[in-house]
Structures are given as C-alpha cells and as structure tokens.
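Got a minute to go through this one? Let's take it term by term and see what each label rests on.

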2 protein chains.
Amino acid sequence: MRMSEQVEWGLHCCLTLAWIGDEHPMPAARLADWFELPPAYLTKCLQALTRAGILQSVPGARGGFRLARRPADVTVMDVLVAVDGPDNPFRCTEIRQRGAGVDPSAPEFRTPCAISTVMHRADLAWRRELASHTLADLLESAPAGAAERTRRRYAQLRG
Amino acid sequence: MRMSEQVEWGLHCCLTLAWIGDEHPMPAARLADWFELPPAYLTKCLQALTRAGILQSVPGARGGFRLARRPADVTVMDVLVAVDGPDNPFRCTEIRQRGAGVDPSAPEFRTPCAISTVMHRADLAWRRELASHTLADLLESAPAGAAERTRRRYAQLRG
DNA sequence: GCCGGTATACTCGGATATATTATGTCCGAGTATATGTGG
DNA sequence: CCACATATACTCGGACATAATATATCCGAGTATACCGGC
C-alpha cells in the first residue's frame, strides 16, 4: 500500500499558495518549477483540487491557481480526498460468503464482517486525525520566517 | 491508495485456522478452495505470514499451515505488516528542499516537514487501532456458532 | 510378525508472466490582455 | 486623446502513452508417509 505522491504535492502547493497570498494567481508551470515537479502532471493534481473547491483556477493570461477558501477552512483530509479519492483503502470483498456449502443468505451474514469493522474503525481514526489539522495549522507550525522567505523567493522568480 | 487484497485473505485464513484448531495443519490448496481464491497466489500470502512467525508451515504429506501463536497474541496489525510490508503509506520526498534558490543545508530544514509530521501522526493512530485488536477479539465477535459451523464444514471437506 | 530401505505422493518455496494502477505527456478550447485603428 | 474591435499569447482542461506495482501462475526442492522386501 502506497499513497499517491500527488497528496504531498497538493499539500505543498496549497501551502505555497497560501504564503504568497491571493493577489496574483500562480500558474501551474511556475509551481512545477518551484518544486521541480513534472509540469503537465502537476496540473492534474491542481485540477482535482479545483474540482473539490479547494483551489480556484483563473484562466487566461496572468491566470493560474489560488486558494478558494481560507487556510483555516481546509483540512489535510480535504486535500487527500480531493487528490486521492474518497475510497476506503480496505475493501471488503466478503470472501466469508464464498466457497461450497455456504449459504449467502444465512442469518450470520446479516451482521457485517468483523474484519471489515476493525478496518473501518482504523480508517476512521486515520481520517479523524487528518481532519483535525488544517492548512492554517501547518502554516503556523512552519519555521519562523518561512512566509517571508517564500514571498521573497516568489517575487524574485517573477522578476 | 488501495490496500492489498492479501490482507483480507490473510486475516480470514488465520481465523479459519484458529477455528479448526491445531490438530491437523491445513494445506494452502484447501484454504484456497475454502474461500475460492487462486491457490498459487494464496500460498504467497501464507508464506509471508509464516516468515513473520504468525503461521507455522508443516512440509511433507499431511502438511499445511497452522497458527504459530495463540490468537490472543496476534494483532490485526501483525498480519497487515506481515502481508503488506512495514512501510508507511505516506512517503515524504522532501520536495520543500527542491527548486532553484533553495539551500538544502539551511537551518529551517533541520526540523521535520510539518506535512510529514501530520501524516505520521495519522498513520500512528491507524496502526494503534489495528494493534488494539487481536485475532482472539475477532473470534469472539463472530456470530454464535461460527466455530462449530466451521469445524463441521471442515470435517465434511476432509471426508 | 517386525524392521529397514525405497519409492512415492504430497507439501512448501521461490523464480517467472500478466493485469491493473499510477505516473507522465500531449494538444485543443477558452479567456484576459495588449495592440492597433478609427472617431 | 479616448473607445472599440481584433489579434495574440497565455492559461486551464481533458484525452492519450509509459512505468511501476499488484496479481496470478508455474515448476523445482524437500519431507513425511506408505509400501515392499528381507530377516
């Protein structure tokens, strides 16, 4: 099991967009250059975040992406769901009902599979933790001066 | 992100082996037939569990697999690690250090990436939940009579 | 009848193909800007 | 000098290849059993 790298990309992009502010939207190509990521592929991630209402895309010249909501209103969980999809990593295939001599309509199968239940609980704990942290939290926990450095670097990049 | 199906297989196999007891080891082919799973592939899962010390393989005729420990001493987490590997689903690639004009030796990078920290916390919560349930718990939470039905079905299968 | 040797059938175990998913790339549709022209 | 129409350059957006991983399979090595012959 391995999480898509796009989750990391999406979170870093959101943080960078938060730091440079809403004044100018930032093109995907510039974000890709910023992190040395494949530009064409990063757009896919940014589009997913846009569809989820986390980013806002601005078309045309001087266009790009900006945050659609305030950092405090975007959880890490939101980003993950937007990029990686809403599905539970564990998917119960009900193999307990298979095999010869098993009646799928037996009363014992009315209650959910115990394994599935445990997995679901663990998934819930995971999601709860991710939902308890917002982009604002991440911005605050950054080293002192990170915002300033980011803005300066961005200004230098724009020339 | 999708968890390997082998995790589900491994857990169900462990529960079945617990129910039928240690008297006779159960061959992989019979377990595969039991759940209607691909026999040759299931062995890979069982081998992984054996390497982890959860199952015990008995070679030769009348051989097969049996539980190596008591059900109370095997957590769901143990099975997952054995089958799916110990790696954290999220893998920080330190993209914050990339890009032109960034000094990887800067003091701000001495502290771990905040994103990585949050992900690690969530992963920990997930693992903690999985580690808090043992095979014995799963056996107990099964519907009444499950053990009896399983043993009877197995006896009938052996002929 | 008992013991030993041998052949056998059955088991696991790791090396080898295929399917699916994630990664990476390309080109077209659309829009704000800049420019040039007429009033 | 100002307003408007037009052309342009830049942006996003979804459709198309490639690489990595999970799934599925096969055949060989090893072992306990069962059988057979000899004592």
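Q: What share of the residues in chain A is buried, and what makes a residue count as such?
A: In this predicted model, 31% of the 159 residues in chain A are buried. A residue earns that label if 20 or more other C-beta atoms, placed from the backbone, lie within 10 Å of its own; 12 or fewer makes it exposed, and anything in between partly exposed. Local features need pLDDT of at least 70 and side-chain atom pairs 80 or more, while totals for chains, interfaces and linings use all residues. Residues are numbered from 1 along each chain as written, with chains lettered from A and ligands numbered from 1 in written order.

Q: How do you know whether chain A matches a compact globule?
A: Take the radius of gyration over C-alpha atoms and set it against 2.2 Å times the number of residues to the power 0.38. For 159 residues that rule gives near 15 Å, but chain A has 21 Å, so chain A does not match the rule for a globule. Its C-alpha trace spans about 75 × 30 × 25 Å along the principal axes.

Q: Why is the relation between chains A and B called a two-fold axis?
A: Superposed by least squares on C-alpha atoms with pLDDT of at least 70 in both copies, chain A lands on chain B with an RMSD of 0.0 Å after a turn of 180 degrees and a shift of 0.0 Å along the axis. That is what a two-fold axis does. In chain A, the C-alpha of A:Trp126 is nearest the axis, at 2.5 Å.
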